[in-house]
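Dear colleague,

Please find below the structure that I am handing over to you. My notes on what was found in it follow directly after it.

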Amino acid sequence: MSSQSADEQDPCVVVGAGPVGLTAAVALAGKGLPVLVLEAEPQDRLRTGSRAIAFLIPTVNRWEKIRPGMGDSIAEAGNVLAGGEAYYGDKRVFTIRVNPVLSKHFARTLSQKKVEAILYAEAIKLGVEFRWATPVTGVTTHSDGVTIELESGEQINTPYLIAADGARSVVRKALGITMEGHTDPTPFIIVDVDEHPDGSTPLKSIFFQYNRPELDGRNVMYMPFAGGMRVDLQCKPSDDAEYLSSPEGVREWVGKVVDPWYAEHIQWISMYRFHQVVADTYTDPHRRVILAGEAAHLFAPWGGRGLNSGVFDATDAATAIAEALRAPDREQARKVIERCATDRRDWGLRNRAVSSAGLRRMRGADQLTRVQRTIAAHLAPVVWPAGFWLANGGVQLKLPRLRASKSSLFY
Ligand SMILES: Cc1cc2nc3c(=O)[nH]c(=O)nc-3n(C[C@H](O)[C@H](O)[C@H](O)COP(=O)(O)OP(=O)(O)OC[C@H]3O[C@@H](n4cnc5c(N)ncnc54)[C@H](O)[C@@H]3O)c2cc1C
C-alpha cells in the first residue's frame, strides 16, 4: 500500500479510534469492506476527563442496525432515566418520575469508555485492522484517492478516508478546512463521581437547579449514569474557575449539591469552555474524504448532540463510501460523497442550534432568557410545560425539525 495511487481494493482508512472512528470502522467492515484504523495513541492509553454519558435511542438503534446485537449490548450496559427535577432558587418547581418501561425509550446513560470498549470488540470481530501509536501527519487527496503521511515517514494510499481524528483533526487542517462558530466564555466544571454503595445513585432523577442559594446563585446539575454520576457547575464570569475545579474547590461545592460522600469519591474533574463550531465543508475537493464527529463539529453537551450525531456522521459516511465504490463512474461516486457531506453538515448546523438553545437557557446571560426562566419558574408548579421547559434546559429532548430529503432522520 505504498504506491502513488490507491487501488479500489485497498482498505478504506479511518483516522482516529475514538467512538466515532470505531463506529465508522464497524459500519464499513459490516458492509464487507476492508478497513484500516490509524490511531495516534497507544492501545493501552488511558482516556482522561469526562466525556459523553447520554446515548439517545436513535443512536442505539443505529448501532444495532450496523451490527446486530451491538446496540443491544450498549443499551444493556446503560441505565435508564428515573425522572427529572428542576429547582429555581430554593423552590422545587418541577418533578417527574418516569415509568421505567417508558424511560427506556429516551436514552441510556453510561460512560463513553464502556461504549468504546463494546465498539472496539465488535470491530475486532469484524476483522478491522488497527495500527496504534501511528499518528497521521498529513493527507493529500487526488482524483483516485488519498495519500496519507504518517509520523514515521511511511505513506499509505486509500480510495476513501473517514476523518474521525477529533477536535484538533490533522486531516481537517491538512485539507485547509476551517471551523466556523464561536466559543462560549462561560467555564463549566464537570465532575464524575462514583456510584454510592447504598444503591441509591441509579434511582436519582436528572436534577437542575437554577440560582442555587448555597452556591451564591450558580446553576448546578447532576445526572446518574451506569457506574457513576455527573455533577456540573456553571461558573459565574467573575469566578476563579481554576480553584473551583481543583480537588479542594470541588470537594467544597460538590458536598453542597449532593451527599458529601460523593465529594470524597471523585473519578474525574474537567473544566470546559464549550465551542459551538461546525466545519465549513465536510469533504475535500476530490470527494475522497469525509469528516465525522468532532473533526467536523464541536458542541456544548446540552442536548447530547456531540457523540450522538457523530455516530450518524460515521454511519452515513460508511454507507456513502460503499455506494461510491460500487458507482458506475467517478462522477456518480463524487456525487454520492458530496451528498453525504452536505447532508451531514446541514445536520451539524441544526445540532449546533439545538445545543446553543440549551446553553442559552442554562446560562441566562441575556435579559430575555432570564425573564423567560423567571416566568417559567412561577408557572411551573401549575403549568406542566413550563416546568418541563426549565428542566429540559440541559437535555433539549426536542429533536430538530426534520427535512424530508435527509438521509438521517434524527441528528
Ligand atoms: C463533558 C462532556 C460531556 C459530553 N457529553 C456528551 C453526551 O452526553 N452525549 C454526546 O453525544 N456527546 C457528549 N459529549 C461529546 C463527546 O464526548 C464527543 O462528541 C466525542 O468524544 C467525539 O468523539 P470522536 O471520536 O469524534 O473524537 P475523539 O473522542 O476525540 O477521538 C479522536 C481520536 O482520534 C485520535 N487522533 C487524533 N489525532 C490523530 C492523528 N493525527 N492521527 C491518528 N489519530 C489521531 C485521538 O487520539 C482519538 O483517539 C460530551 C463531551 C464532553 C467534553
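The axes of α1 and α10 come within 8 Å and cross at roughly 30 degrees; axes here are lines fitted to C-alpha atoms, for helices over the stretch in contact, and angles run from 0 to 180 degrees between N-to-C directions. The two helices α1 and α10 are therefore roughly parallel to each other, a term used for angles under 35 degrees, while those over 145 count as roughly antiparallel, 65 to 115 as roughly perpendicular and the rest as oblique. The crossing of α1 and α10 is right-handed, that is, the near helix is turned clockwise from the far one by less than a right angle, an anticlockwise turn being left-handed. On the α1 side the contact is made by P19, V20, T23, A24, A27 and L28, and on the α10 side by L307, G310, V311, D313, A314, T315, A317, A318 and I321; two residues are in contact if their C-beta atoms, placed from the backbone, lie within 7 Å. By class, the contact of α1 with α10 has 11 nonpolar, three polar and one charged residues. For these classes, Ala, Val, Leu, Ile, Met, Phe, Trp, Tyr, Cys and Pro count as nonpolar, Asp, Glu, Lys and Arg as charged, and the others, Gly among them, as polar.

Two remarks on provenance belong here. Residues are numbered from 1 along each chain as its sequence is written. This is a predicted model, in which local features need pLDDT of at least 70 and side-chain atom pairs count only at pLDDT 80 or more, whereas totals for chains, interfaces and linings use all residues. As to element names, helices (H or I, at least four residues) and strands (E, at least two) are DSSP runs, numbered from the N terminus.

Helix α10 also packs against helix α11 (residues 330-363): their axes come within 8 Å and cross at roughly 170 degrees. Helices α10 and α11 are therefore roughly antiparallel to each other. In this contact S309, F312, D313, D316, A317, A320, E323 and A324 of α10 meet A333, V336, I337, C340, D343, R344, W347 and N351 of α11. The residues of the contact of α10 with α11 divide into nine nonpolar, two polar and five charged.

A third helix pair is formed by α3 (residues 70-77) and α5 (residues 112-125), which pack at an angle of about 155 degrees with their axes 10 Å apart. Helices α3 and α5 are therefore roughly antiparallel to each other, and their crossing is right-handed. Here M70, S73, I74 and A77 in α3 meet K114, V115, I118 and E122 in α5. The contact of α3 with α5 comprises five nonpolar, one polar and two charged residues.

Turning to the ligand, 35 residues surround it, of which G16, G18, G166, G293 and G306 come nearest; a residue is near a molecule or strand if its C-beta atom, placed from the backbone, lies within 6 Å of it. The elements α1 (19-30), β16 (266-279) and α10 (306-326) each supply at least two residues of this shell. Helix α10 gives the most, with four residues. By class, the shell around the ligand has 17 nonpolar, 12 polar and six charged residues.

The strands come next. Eight of them form an open sheet of mixed pairing in the order β5-β4-β13-β14-β15-β12-β16-β18; two strands pair if DSSP finds at least two bridges between them. Strands β5 (91-97) and β18 (297-298) stand at the edges, each with a single partner strand, so one side of each is left without a neighbour in the sheet. Strands β16 and β18 pair in the antiparallel sense over two bridges, and V277 stands opposite L298 in β18.

Three strands form a further open sheet, in the order β8-β9-β10, with antiparallel pairing. Its edge strands are β8 and β10, each of which pairs on one side only. The twist averages 20 degrees from one strand to the next. Six bridges join β8 (residues 136-142) to β9 (residues 145-150), and these two strands form a hairpin with two residues between them. V139 stands opposite I148 in β9, and I148 in turn stands opposite I156 in β10. Four bridges join β9 to β10 (residues 155-158). Strands β9 and β10 form a hairpin with four residues between them, and G153 in the turn has a positive phi of about 100 degrees.

With kind regards
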